[in-house]
Amino acid sequence: MSNLTTQAFLEPWGEYAGREEAITDRQRNTLTSLIFQHIEDESHRESYLAQLSDLTRTEADDLVLEFTMGTWQ
């Protein structure tokens, strides 16, 4: 097994060679919906939306959890 394959197998959260995978389309859609549901201030909402492209999968998962638990503020 190559080193990369071994590392990918041992790190199931998407971390490969110290780099995490980018947010998925499904996560982006879920977060966009949650942002529009929970953030009324337009400038605050736009700020969250602008940051979506820079999130990793792990960060996106954490943010979804924050929104669903009501701890995002």
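User: How many salt bridges does a search of the whole structure find?

Analyst: Just 1 salt bridge turns up. Keep in mind that this is a predicted model, where local features need pLDDT of at least 70, side-chain atom pairs count only at pLDDT 80 or more, and totals for chains, interfaces and linings use all residues. Residues are numbered from 1 along each chain as its sequence is written, and side-chain values use heavy atoms, leaving out hydrogens and water.

User: What makes the R57 and E21 pair a salt bridge?

Analyst: The term asks for a side-chain nitrogen of Lys or Arg within 4 Å of a carboxyl oxygen of Asp or Glu. R57 and E21 meet at 2.7 Å, N to O, so the pair qualifies. R57 belongs to helix α4 (residues 57-69) and E21 to the loop between β2 (19-20) and α2, so the pair ties together parts 36 residues apart in sequence.

User: Why is R57 called partly exposed?

Analyst: Buried means under 20% relative accessible area and exposed over 50%, with partly exposed in between (1.4 Å probe, protein chains only). R57 has 33%, so it is partly exposed. E21, with 28%, is partly exposed too.

User: Why are α2 and α3 called roughly antiparallel?

Analyst: Helix α2 (residues 25-38) and helix α3 (residues 42-51) pack at about 170 degrees, their axes 10 Å apart. Angles under 35 degrees count as roughly parallel, over 145 as roughly antiparallel, 65 to 115 as roughly perpendicular and the rest as oblique. The α2 and α3 pair is therefore roughly antiparallel.

How values were computed: Axes are lines fitted to C-alpha atoms, for helices over the stretch in contact, and angles run from 0 to 180 degrees between N-to-C directions. Helices (H or I, at least four residues) and strands (E, at least two) are DSSP runs, numbered from the N terminus.
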